[in-house]
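Colleague: Can you take me through this one? I'd like to hear about the cavities and a sheet.

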Amino acid sequence: MAEELIGGIPVAEIQAEFIAVGQPGGAGSGREVQFLRKLAALIERRMAAGETASGALFILASGIDELMEGRASSPQPLLRNGHYPISGQLWVLSTALTYAHAIDMPWTDTVAAIAQACREGLGEMPAVSLDIRPGSDEIHLSYFPQGCAVPDAQCDIHLINRPITKEEMKAVLDGFFEQSLRTPMRQREGHGTSTWQDASRGVPNSRPEEIIEAKLLERLRSAFPVHDSHSQGVTDDGYIDIAVYKNDVTAAGHPARRCDWVLELKALADRTSNDNDVTASPHDAIIKGLRQTLSYRSNENGIHAALCVYDLRKAELSHDDCFALVLQDATTQKVELWRWRLLRSAEESRRKTFPLQADALREAMKGKRG
Amino acid sequence: MTTARRTPANEETALQLRVLRLLSALASAGVETVRIEDFHAFAFFAEVLAPVWGVETPVGAVLKEEGGPHYPALQHQLDRLVGMGLVRVARLTADAREGRWKLDAAFGLRTRNAGKVLAFVADMPDEDLATTTFLEQLAFAFAEIPVDHRDDAAQRDAAWSAPDTSNDRLIRFSGTDGRGQKRRNYSAEAARYFQRYAPDGVELSAAEQTTLYMGLMRRRAGG
């Protein structure tokens with residue numbers, strides 16, 4: 001029988017490629033995540049080989065030849081092969097780590113390197129700091145997406161081969177919410193797409209879950225760069241399944257994939273994107289969400305699972321109010337129930353951050369008048 | 001909706017922007033300087049895989065030549081951009097391989113100058129973000145192909161290596177043929193074909209299909 005071809009490629013080759021590679025990790029991510037994945041692999045390799053200095057600072061740049069003009073630096077074109085030390089240097093690197101320059105400076109610690117980077121005019125480029133605990137192979141990695149001159153935006157990078165714990169995942173999701181979703185202004189930073197069409201009136205954009213998903217995937221991939229985070233797209237009911245995997249090997253040495261987490265995303269709003277009232281019950285949505293989480297965890301053989309609700313509603317419900325009908329089932333089924341309320345204005349955010357007794361008194365006065 | 005009239009002047013500007021975007025995407029992926037053959041190979045993949053992303057294929061055809069894809073119009077504008085100070089010649093040496101002399105050239109963006117042009121264009125209201133994303137994702141996958149195999153990869157492509165194509169003939173992969181039939185784009189078809197092997201419920205994104213296809217090109221080129 002003739003070989004089936006698509007143009008000049010046998011179909012069997014396409015199949016073999018997919019079997020060998022699977023769903024590619026990191027595809028669809030921006031240059032920062034591509035860089036972090038490569039850097040994480042390099043750091044893992046170098047830590048296994050042994051590093052002697054207390055840390056390193058890595059700056060992601062492009063146009064490196066031009067950037068290095070007039071600076072005292074040493075090129076290291078073979079850095080990415082993992083045979084050369086990485087610690088004790090302030091590095092300027094390309095996305096693929098093929099261009100690597102060490103800025104000439106005496107190494108003291110990461111804090112001094114950050115100060116040096118800022119003095120060199122490199123403080124607004126994405127950066128990663130590596131701290132190595134003295135006398136151990138324990139490390140701490142921080143990612144500065146807006147550069148080390150903007151420390152507020154930093155987040156931890158978890159270079160771990162064991163399953164991601166509940167505390168680690170929750171911390172990443174909390175950080176993501178605070179830095180990317182909490183207020184309309186946060187959402188718009190860096191030309192970001194907002195979940196809000198009109199925040200003050202509570203009108204969401206169409207399919208807010210997809211907007212959250214795109215941002216969250218980048219965050220998960222940044223925070224867990226040796227893991228693969230995939231989304232399965234939006235379901236008909238408006239749920240989004242995200243799975244976080246780690247490539248592993250079986251006891252017999254065969255390649256395997258371990259699913260550390262499944263996250264079920266759901267956005268709840270009072271209004272539709274057409275500015276009509278939402279008629280569906282939020283309790284029904286949450287019950288469906290829990291069932292979808294269980295189904296997805298079962299399909300993926302996931303270790304942990306969480307139903308993540310992004311609440312765009314005006315009412316300030318408590319965790320127990322929001323999940324009232326599913327609390328028992330979730331406990332029995334070992335599903336985490338997590339919820340974040342998206343604020344509608346900077347003013348609302350300030351009231352949350354700096355609550356005053358006057359707020360309650362004012363509300364009471366309004367109530368009496370009403 | 002009005003469409004800007006195509007004139008020789010804005011055609012030229014469009015081609016120059018295309019060159020800058022291709023080089024910018026490569027730089028973003030860490031390919032700061034690119035050999036001329038590799039530049040054309042990348043431009044070729046940017047043509048044939050565009051439909052996977054639902055974006056326009058700018059040319060829609062390429063002359064199949066022994067040495068691999070080559071776009072004279074892009075090359076002409078690349079040379080002009082060097083003169084305009086937006087692109088730099090990173091390397092220029094004579095190459096005497098296979099008994100024939102030819103120039104071995106590599107180019108890269110002059111980031112400071114070209115960056116201003118690209119930033120200006122990016123802020124235009126009709127800027128096509130899908131194309132920018134596509135080129136960047138393609139560049140990430142292209143950068144994974146070892147330098148010595150990048151131009152070979154284009155010659156292993158589904159459209160380029162199709163049995164019904166021959167040297168010194170145009171490979172057409174967009175528009176319709178003389179019978180009004182839509183022309184086949186084997187490269188895009190092959191990239192989409194990966195979906196058949198994805199598990200139930202998993203829909204491969206355009207980025208994933210592109211990454212898988214370019215991984216296959218890498219393997220086929222021996223990289």
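Modeller: Below are the cavities, then the sheet in chain B. This is a predicted model, where local features need pLDDT of at least 70, side-chain atom pairs count only at pLDDT 80 or more, and totals for chains, interfaces and linings use all residues. Residues are numbered from 1 along each chain as its sequence is written.

Colleague: How many cavities of 30 Å³ or more turn up?

Modeller: Two, in a search of the whole structure. A cavity is a set of points on a 1 Å grid over the protein atoms alone where a 1.4 Å probe fits but cannot get out, and lining residues have an atom within 4 Å of a point.

Colleague: What volume has the largest cavity, and what lines it?

Modeller: About 40 Å³, the space filled by probe spheres set on the points. The lining draws on both chains, including Gln34(A), Lys38(A), Phe140(B) and Glu144(B). Helix H2 (31-49) of chain A and helix H5 (129-143) of chain B each give two or more residues; helices are DSSP runs (H or I) of at least four residues, strands (E) of at least two.

Colleague: And the second largest cavity?

Modeller: About 30 Å³. Its lining has eight nonpolar, no polar and no charged residues, among them Leu36(A), Ile43(A) and Pro225(A). H2(A) gives the most, with four residues.

Colleague: Now the sheet. What is the strand order?

Modeller: E1-E4-E3 in chain B, open and antiparallel; strands pair if DSSP finds at least two bridges between them. E1 (34-35) and E3 (87-95) each have a single partner strand, so one side of each is left without a neighbour in the sheet.

Colleague: Which residue stands opposite Val34(B)?

Modeller: Phe107(B), in E4(B).

Terms used. Chains are lettered from A and ligands numbered from 1 in the order in which they are written. Side-chain values use heavy atoms; hydrogens and water are left out. On a 1 Å grid over the protein atoms alone, a cavity is a set of points where a 1.4 Å probe fits but cannot get out, and a pocket is an open set with protein on both sides within 12 Å along at least five of seven lines; lining residues have an atom within 4 Å of a point. Ala, Val, Leu, Ile, Met, Phe, Trp, Tyr, Cys and Pro count as nonpolar, Asp, Glu, Lys and Arg as charged, and the others, Gly among them, as polar.
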